[in-house]
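Here is a short briefing for a first look. Keep the sequence and the 3D view side by side as you read.

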Amino acid sequence: MTTVVIGDWLKRMKYDLVCGSLDQNVDEVIYDSRKARPDSVFVCIQGSTRDSHELSGRIKGWRKVLVVEKEVEVPADVTVIRVESGRLALAELSAARFGYPAEKLITIGITGTKGKTTTSYMIKAVLEAAGKKTGLIGTNGAVIGNVKIPASNTTPGILCSSGVFSRNGGSWL
């Protein structure tokens, strides 16, 4: 993975530096504490049953940059960045981490009760017949050209979406 300075990923974001330095080297954005590593940026999010802000006191060496919505107590060597919305920050950091891939794409969204998957594959076939490079994200996973990427959830998270978007330079359904 490529290491960058956290300040580079924050350029388009609204935030307050609570403590620490924006010169910290980082290589990943995460919100799942089980995936935490020293060079990852951990985004604390208030969930319906759990609040990852509560984990901030137990970080001892497993992460050095926290993005938070509320006040937390951390060791002195940890950088804390306060934002209004952890979920929005996760989306913005994900986009920055992958080089803002959605800005380079034409995106088509399909909504409705029935027929979304069928419709998306029909549009994909039409675009490919017209010579366009396509990608698709849906309940069956992601498809880039003829390569299928399985999904663990029916609705992919922002990190998954940004990562998949960065693999394709064409249109997305």
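The points below cover a sheet, two nonpolar cores and two loop residues.

This is a predicted model. Five strands form an open sheet with mixed pairing. The largest nonpolar core holds 19 residues. Another core, of nine residues, lies apart from it.

**The sheet**
- The strand order is 2-7-6-5-4.
- Strand 2 (16-19) and strand 4 (28-30) stand at the edges. Each has a single partner strand, so one side of each is left without a neighbour in the sheet.
- On average, neighbouring strands of this sheet are turned by 25° against each other, with direction ignored.
- Strand 6 (residues 65-68) pairs with strand 7 (residues 79-82) in the parallel sense. Four bridges join this pair.
- Within the pair, leucine 66 has valine 80 of strand 7 standing opposite.

**The cores**
- In soluble globular proteins, nonpolar side chains tend to be buried together.
- In the largest nonpolar core, the residues that touch the most other members are Ile6, Trp9, Val41, Val43, Val67, Ile81 and Leu93.
- Helix 1 (6-9), strand 5 (40-43), strand 6 and helix 2 are the elements that give two or more residues to this core.
- Helix 2 supplies the largest share, with five residues.
- Isoleucine 81 has many contacts to follow in the view. Leaving out residues up to four places away in sequence, isoleucine 81 touches Ile6, Leu10, Tyr15, Asp16, Leu17, Leu22, Val65, Leu66, Val67 and Val68.
- The nine residues of the other core include Ala36, Phe42, Cys44 and Leu66.

**Tyrosine 100**
- Tyrosine 100 is found in the loop between helix 2 (86-97) and strand 8 (106-107).
- Is tyrosine 100 buried or exposed? Its relative accessibility is 19%, so tyrosine 100 counts as buried; the cut-off for buried is under 20%.
- Most residues other than glycine have a negative phi. Tyrosine 100 has a positive value, near 50°.

**Asparagine 140**
- Asparagine 140 lies in another loop, between strand 9 (134-138) and strand 10 (141-144).
- Asparagine 140 has 56% relative accessibility and therefore counts as exposed; the cut-off for exposed is over 50%.
- Proline 150 is ten residues from asparagine 140 along the chain. The C-alpha atoms of these two residues are separated by 7.0 Å.

Note on methods. Residues numbered from 1 in each chain as written. Predicted model: local features only at pLDDT ≥ 70, side-chain atom pairs only at ≥ 80, totals over all residues. Heavy atoms only, no water. Pairing = 2+ DSSP bridges. Axes fitted to C-alpha atoms, helices over the stretch in contact; angles between N-to-C directions. Buried < 20%, exposed > 50% of the residue type's maximum accessible area, 1.4 Å probe, protein only. Core = buried A, V, L, I, M, F, W, Y, C linked by side-chain atoms within 4.5 Å. Contact = heavy atoms within 4.5 Å.
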